[in-house]
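Hello,

Here is the structure I promised to pass on to you. Have a look at it first, and then read my notes below with the picture open beside you.

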Amino acid sequence: MNESYFDEFEAPNRLLLGAGPCTVHPRVLRAMTQPVVGHLDPLFFQIMDDVCEMLRRVFHTENYVTMPISATGTGAMETACVNILERGDTAIVCRNGYFGVRLADIAERCGANTVMVDSPWGEPADLNALEDALKANPGTKMVGLVHAETSTGAITPLQHAIDMAHRYGALVVVDAVTSLGSHEVRVDDWDIDVCYSASQKCLGAPPGLAPISFGERAMDAINKRSTRVESFYFNLQGVAEYWNETQRVYHHTSPITMTYAMRESLRMMMEEGIDQRHARHAHVAAGLRAGLAAMGLELTTAEDYQLNPITVVKSPEGIDEAAVRGRLLNDYNIEVSGGLGEFRNRVWRIGMMGEGARESNVLSVLSALEMILADSGYEVAFGASVAAAQRSFANNGIAS
Ligand SMILES: *Cc1c(COP(=O)(O)O)cnc(C)c1O
């Protein structure tokens, strides 16, 4: 009989270089060991206000309705869709990877007539096809776009798509789960109507909170709904009444400890500087890509659209991709992610997110990969990938 629940559990110190959660800085972990206060304690209200204010800076917005949802990123996806959409509305969702597929699924479950704009995985969203869909579906209420497709490693430049959707009178919902904290996301300048993220990707906290921001146009649409929101937990009005500093009406018990974590991880972002943080992610990703190329490995995404926080690598013919990940975890204590959906068993996803985006981590994962691939029969020149990354780092100046 297994009675392992009698034993204390001690988590290993993994190097988390997958698609999230990312490795969490000790400062954030320490913040989580503070005593729990009540969710209606005035001291906690100050913590909430701090978090909202810092989130506005990270999103580059003055939107009043900016706060973390008590959920992971998927909860923010549900919050966006369930509040914006009413049964019978039309939503257009661009699907160029697993999370676009999920966003469309959620829009459909909200009862929206959901039009899919598909493009091949590894490419950005197809904006010509988006325009065709907008033309063919007058009165579209919402356009959904994934800024950084974590499943494929591709970024979709947003400005043109947002302007286009607005010309056709649609609201724009942007999934910035993986881009916030590692790429520029400018909610006000780009005129995004609803933008959301998640604590465990490039914001550097554990999973459990999902920041979201609603602009005026989106709030107008929500206020003009003719039917009530079909979710209690994600009903924006209820959530916002708790986060609003003049109301503070109980909606659900706030995850106190996670809010401490979010505040500390945001404080660390403010100390580093948002632009500097993006530059660090870009610098680290460039080194990783140089190393992978030197190993003869190919990426799923063309150079112009590659993400900073996650690099998606094709596992070479004849190599058991899951076995390689297993050895990285067991022999080197490094977690990288496998593929999702149509990329399942075909790729590795190496994340350099938040605290994980460090030169030293690139060197570690490259040298471990060299060892494992060589042992699996793949031809490897030892040190070549590490040297390529070192050259990239040396030429590119920004310390990390
Ligand atoms: C991780 C991720 C999500 C979902 O977030 P969860 O925290 O797993 O619920 C949504 N969109 C993108 C682009 C993601 O990378």
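Let's begin with the ligand. Helix α3, residues 73–84, gives the largest share of the shell around the ligand, namely three residues. Please keep in mind as you read that this is a predicted model.

In total, 13 residues surround the ligand. The closest are T72, T74, T150, D175 and K201, so those are good ones to click on. By type, the shell holds five nonpolar, six polar and two charged residues.

Which side chains have an N or O atom close to an oxygen atom of the ligand? In the side chain of T150, an N or O atom is 2.3 Å from a ligand oxygen. For the side chain of T178, the distance from an N or O atom to an oxygen atom of the ligand is 3.0 Å. Q200 also takes part, with a polar side-chain atom 2.7 Å from an oxygen atom of the ligand. On its own, the ligand has 380 Å² of accessible area, and the protein covers 90% of that. As for where the ligand sits, its place is the second largest pocket.

Next, follow the chain to a small sheet. Three strands make up this open sheet, in the order β11-β14-β13, and their pairing is antiparallel. Why do β11 and β13 each have one side without a neighbour in the sheet? Both β11 (310–314) and β13 (337–338) stand at the edges with a single partner strand each, so one side of each is left without a neighbour there. In general, the strands of a sheet pair through backbone hydrogen bonds, and they can do this in a parallel or an antiparallel way. Here, β11 pairs with β14 (residues 347–351) in the antiparallel sense, over five bridges. If you want one pair to look for, V313 stands opposite W348 in β14.

Finally, there are some backbone details in the loops. The peptide bond from G20 to P21 is cis, with omega near 5°. You will find P21 in the loop between β1 (15–16) and α1 (26–31).

Two residues have a positive phi although neither is a glycine. One is H60, with a phi of about 55°, in the loop that runs between α2 (42–59) and β2 (65–69). The other is D191, where phi is about 70°; D191 lies in the loop between α7 (187–190) and β9 (194–196).

Enjoy exploring, and write back whenever you like.

Best wishes

Notes. Residues are numbered from 1 along each chain as its sequence is written. This is a predicted model: local features need pLDDT of at least 70, side-chain atom pairs count only at pLDDT 80 or more; totals for chains, interfaces and linings use all residues. Side-chain values use heavy atoms; hydrogens and water are left out. A residue is near a molecule or strand if one of its heavy atoms lies within 4 Å of it. A polar contact is a pair of N or O atoms within 3.5 Å; within protein, one must be able to donate a hydrogen and the other to accept it, and residues adjacent in sequence count only if both atoms are side-chain atoms. Accessible areas come from the Shrake-Rupley method with a 1.4 Å probe; for residues, only the protein chains shown count as cover. On a 1 Å grid over the protein atoms alone, a cavity is a set of points where a 1.4 Å probe fits but cannot get out, and a pocket is an open set with protein on both sides within 12 Å along at least five of seven lines; lining residues have an atom within 4 Å of a point. A molecule sits in a cavity or pocket if more than half of its atoms lie within 2 Å of its grid points. Helices (H or I, at least four residues) and strands (E, at least two) are DSSP runs, numbered from the N terminus. Ala, Val, Leu, Ile, Met, Phe, Trp, Tyr, Cys and Pro count as nonpolar, Asp, Glu, Lys and Arg as charged, and the others, Gly among them, as polar. Two strands pair if DSSP finds at least two bridges between them.
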